[in-house]
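Q: I should like to learn how surface patches, burial and contacts are read from a model. Could we work through them in turn?

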Amino acid sequence: MQPHVYAVLLAGFAGLSMPLGGLLAWCEHITNPALRDRVLHTISAVGGGALASAVALVLVPEAADALPPHWAVGLFAAGGLVFYLIDTVLQRSGGSGALLLAMLLDYLPEAMALGAMLVADAATAKLLALMIFLQNLPEGFAAFREVWSGDSPGWHVLLLFLGLAALGPACALAGLVWLAEAEAALGAIMIFAAGGILYLLFQDIAPNAHSSHSNAPALGAVAGFALGLAGNMLIS
């Protein structure tokens, strides 16, 4: 199979879990309000844990190996600052979408890395695609619940998620064609995204995962990070 086709298929598979997670959120029928809230807090925590694992185990280590320290630190801080500004604008306009932004910040750089990795290590690229798929599932679930207000049909949001998932194959092709030999450029993109994810985790995602009625949802963050750790150890 041609590498270009392989990159599109792997990234498409990895991104498919975004609308799939949204579909599960749309179709969930938990009737007990207290139980519904607990499940939603837990899913948000799982997505947050998965994002934390992406920052700690994939984005920062890969970038730190490819960049000088001053560039790595500066770009990481710039990522946090830029998404602070974006989050401030969203709050002033009354919109929401922190989980959606964080999911894209996780998915798109990793899709680029997946494409770049196909040149040197196709087996590891397959495992990375599986890891991205598993991370995106709870993130897609939680992001759908955050974005969908109920005022419009849920399938509108699912179409949006499908469109966003389609960006993954494009990023994988970009990684394959332009970034396979440009480790510094790929590292800069990854660590900038890591800074944005970390800001959104502490500002929006972790507070939304907290439940005053139960401590159990916090275990979801542990489960999400463990999921990312398992995928990272398989890749390594």
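A: Helices are DSSP runs of H or I with at least four residues, numbered from the N terminus. In this structure, which is a predicted model, asparagine 136 has its place in helix α5, residues 122-147.

Q: How is burial read, and is asparagine 136 buried or exposed?

A: Buried means under 20% relative accessible area, exposed means over 50%, and partly exposed lies in between. Asparagine 136 has a relative accessible area of 0%, and therefore counts as buried.

Q: Which residues does asparagine 136 touch, leaving out those up to four places away in sequence?

A: Contact means heavy atoms within 4.5 Å. By that reading, asparagine 136 touches Ala14, Gly15, Ser17, Met18, Met103, Asp106 and Tyr107.

Q: Where is threonine 124 placed, and how is its accessibility to be read?

A: Threonine 124 is also found in helix α5. Its relative accessibility is 12%, so threonine 124 counts as buried. A separation along the chain can be set beside one in space: threonine 124 and glycine 163 are 39 residues apart along the chain, and their C-alpha atoms are separated by 26 Å.

Q: What does the corresponding reading give for alanine 165 and glycine 15?

A: These two residues are 150 residues apart along the chain, with their C-alpha atoms separated by 4.6 Å. Alanine 165 lies in helix α6 and, at 8% relative accessibility, is classed as buried. Beyond its neighbours within four places in sequence, alanine 165 is in contact with Gly15, Met18, Pro19 and Tyr107.

Q: Which residues form the nonpolar patch on the surface?

A: Patch residues have over 30% relative accessible area and no salt bridge, and nonpolar side chains are joined within 5 Å. Here the nonpolar patch consists of Leu16, Leu20, Leu23, Leu24, Trp26, Trp155, Leu159 and Leu162, which together have about 730 Å² of accessible area.

Q: Which helices each supply at least two residues of that patch, and which gives the most?

A: The helices that each supply at least two residues are α1, spanning 3-27, and α6, spanning 154-165. The most come from α1, which gives 5 residues. Leucine 16, one of the patch members, has its place in helix α1. Its relative accessible area is 47%, so leucine 16 is partly exposed.

Q: Which residues gather in the patch of negative charge?

A: For charged patches, like charges are joined within 9 Å. In this model, Glu62, Asp65, Glu181 and Glu183 gather in a patch of negative charge on the surface. Glutamate 62 lies in helix α2, which covers residues 33-66. With a relative accessible area of 45%, glutamate 62 is partly exposed.

Q: What can be read for proline 61 in the same helix, α2?

A: Proline 61 has its place in helix α2 and is partly exposed, at a relative accessible area of 30%. Setting aside neighbours within four places in sequence, proline 61 is in contact with Val55 and Ala56. From C-alpha to C-alpha, proline 61 and methionine 190 are 9.6 Å apart in space, while in sequence they are 129 residues apart.

Q: Is serine 53 buried or exposed, and which residues is it in contact with beyond four places in sequence?

A: Serine 53 is found in helix α2. It is buried, with a relative accessible area of 0%. Aside from its neighbours within four places, serine 53 is in contact with Val58, Gln135, Gly224, Phe225, Gly228 and Leu229.

Q: As a last case, where is glycine 115 found, and which residues does it touch beyond four places in sequence?

A: Glycine 115 is found in helix α4, residues 98-120, and counts as buried at 0% relative accessibility. With residues up to four places away not counted, glycine 115 touches Ala172, Gly175 and Leu176. The C-alpha atoms of glycine 115 and lysine 126 are separated by 10 Å, and the two residues are 11 residues apart along the chain.

Conventions:
Residues numbered from 1 in each chain as written. Predicted model: local features only at pLDDT ≥ 70, side-chain atom pairs only at ≥ 80, totals over all residues. Heavy atoms only, no water. Areas by Shrake-Rupley, 256 points an atom, 1.4 Å probe, with all protein chains shown as cover. Salt bridge = Lys/Arg side-chain N within 4 Å of Asp/Glu carboxyl O. Buried < 20%, exposed > 50% of the residue type's maximum accessible area, 1.4 Å probe, protein only. Lys, Arg positive; Asp, Glu negative; His and termini not counted. Charge placed at Lys NZ, Arg CZ, Asp CG, Glu CD.
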